[in-house]
Amino acid sequence: MAEIDVTLVPCLQDNYAYLVTDGSGLCAVVDPSEPGPVKKALAERGLTLTHILNTHHHLDHCGGNLALKEEFGAEVVGPGKDRGRIPGIDTGVGEDVPWQFGSHTVKVLEIPAHTSSHIAFVFDGKAFTGDTLFAMGCGRLFEGTPQMMWDSLSKLMRLPDDTKIYCGHEYTLSNGKFALTLEPKNAELQARMKDVEAMRAKGAPTIPSTMGLEKKTNPFLRPDSKELRATLGMENADTVAVFAETRKRKDSF
Ligand code: ZN
Ligand code: FE
């Protein structure tokens, strides 16, 4: 079976769209916020777009759908529970409605809270997590509760540690600065921040991350960390309460 290949396409201020090819002529774009940079990336590589995948309905993830669909006749695939808010949707998917990309079976995970029907696409060892899981961060709770987001993140944490994480935005540096306020003594976090600072100084993307690295450095996956709990003064609080307080502090960081 041909390998899946992923190309980052920076869009807008700090968004990433991703081109995914299967080596047999299929080419999908994940979360195209705008058509221009995607068309340029396709032309540079001599690719024709066959599919448009959306993790959720926000315009900085599907604003390019209609223009790209019109130009290439690409099939729009998105959360089946949110058909009304996904421009041009052809195929609704979910955990009960898996999806096939050529010979690759794509696992769809329903991970609500940033929006009520947010999904992730998992292609052999690569997870497209939209605005639910970021490198060292997580999305804001626009349409869900802390419990919902914790359940969604927990679902992603059950993916293997070597799963590559492709998220919707380049927020890594500011996310890491926040993380250090909660766990200043976390040696893995300190080391990662050095790497991230060097990458951003060169203008290089910090994506993809891996699930294993996120578990060690992302404060939103670490409500059971002793140091994080001590910083918050919540040594004996329950997991979701610690997660909720972490999210609340990030909202005003
Ligand atoms: Zn969003
Ligand atoms: Fe976004």
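Here's a short tour of a metal site and a buried asparagine in this predicted model.

**Stop 1: the zinc ion**

Select the zinc ion (ligand 1) and show the side chains around the metal. You should find His 56 (NE2), His 58 (ND1), His 114 (NE2) and Asp 131 (OD) coordinating the zinc at 2.2 to 2.3 Å. Along the chain, these donors follow the spacing H-x1-H-x55-H-x16-D.

Now check the angles. The 4 donor atoms subtend 87 to 172 degrees at the zinc ion (ligand 1), so the arrangement counts as irregular. To be called tetrahedral, four donors would need all angles between 85 and 135 degrees.

**Stop 2: the bridge**

Keep Asp 131 selected and add the iron ion (ligand 2). Asp 131 bridges the zinc ion (ligand 1) and the iron ion (ligand 2), and the two ions sit 3.3 Å apart.

Next, colour two loops. His 114 is in the one between strand 8 (104-110) and strand 9 (119-123), while Asp 131 is in the one between strand 10 (126-130) and strand 11 (133-134), so this pair ties together parts 17 residues apart in sequence. Turn on the surface, too: His 114 and Asp 131 are both buried.

**Stop 3: Asn 218**

Jump to the loop between helix 7 (211-217) and helix 8 (226-232), where you'll find Asn 218. Is Asn 218 buried or exposed? It's buried, with a relative accessible area of 0%.

So what does the Asn 218 side chain have for polar company? One of its polar atoms lies 3.2 Å from the backbone oxygen of Phe 134, and the backbone oxygen of Gly 137 is 3.1 Å from a polar atom of that side chain. Leaving aside neighbours within four places in sequence, Asn 218 is in contact with Leu 133, Phe 134, Met 136 and Gly 137.

Technical notes. Residues are numbered from 1 along each chain as its sequence is written. Chains are lettered from A and ligands numbered from 1 in the order in which they are written. This is a predicted model: local features need pLDDT of at least 70, side-chain atom pairs count only at pLDDT 80 or more; totals for chains, interfaces and linings use all residues. Side-chain values use heavy atoms; hydrogens and water are left out. Helices (H or I, at least four residues) and strands (E, at least two) are DSSP runs, numbered from the N terminus. Buried means under 20% relative accessible area, exposed over 50%, partly exposed in between (1.4 Å probe, protein chains only). A polar contact is a pair of N or O atoms within 3.5 Å; within protein, one must be able to donate a hydrogen and the other to accept it, and residues adjacent in sequence count only if both atoms are side-chain atoms. Contact means heavy atoms within 4.5 Å. Donors are N, O and S atoms within 2.8 Å of the metal (3.2 Å for Na, K and Ca); water is not among the atoms, so sites may look incomplete. Four donors count as tetrahedral if all angles lie between 85 and 135 degrees; four count as square planar and six as octahedral if opposite donors are over 155 degrees apart and all others between 65 and 115; anything else is irregular.
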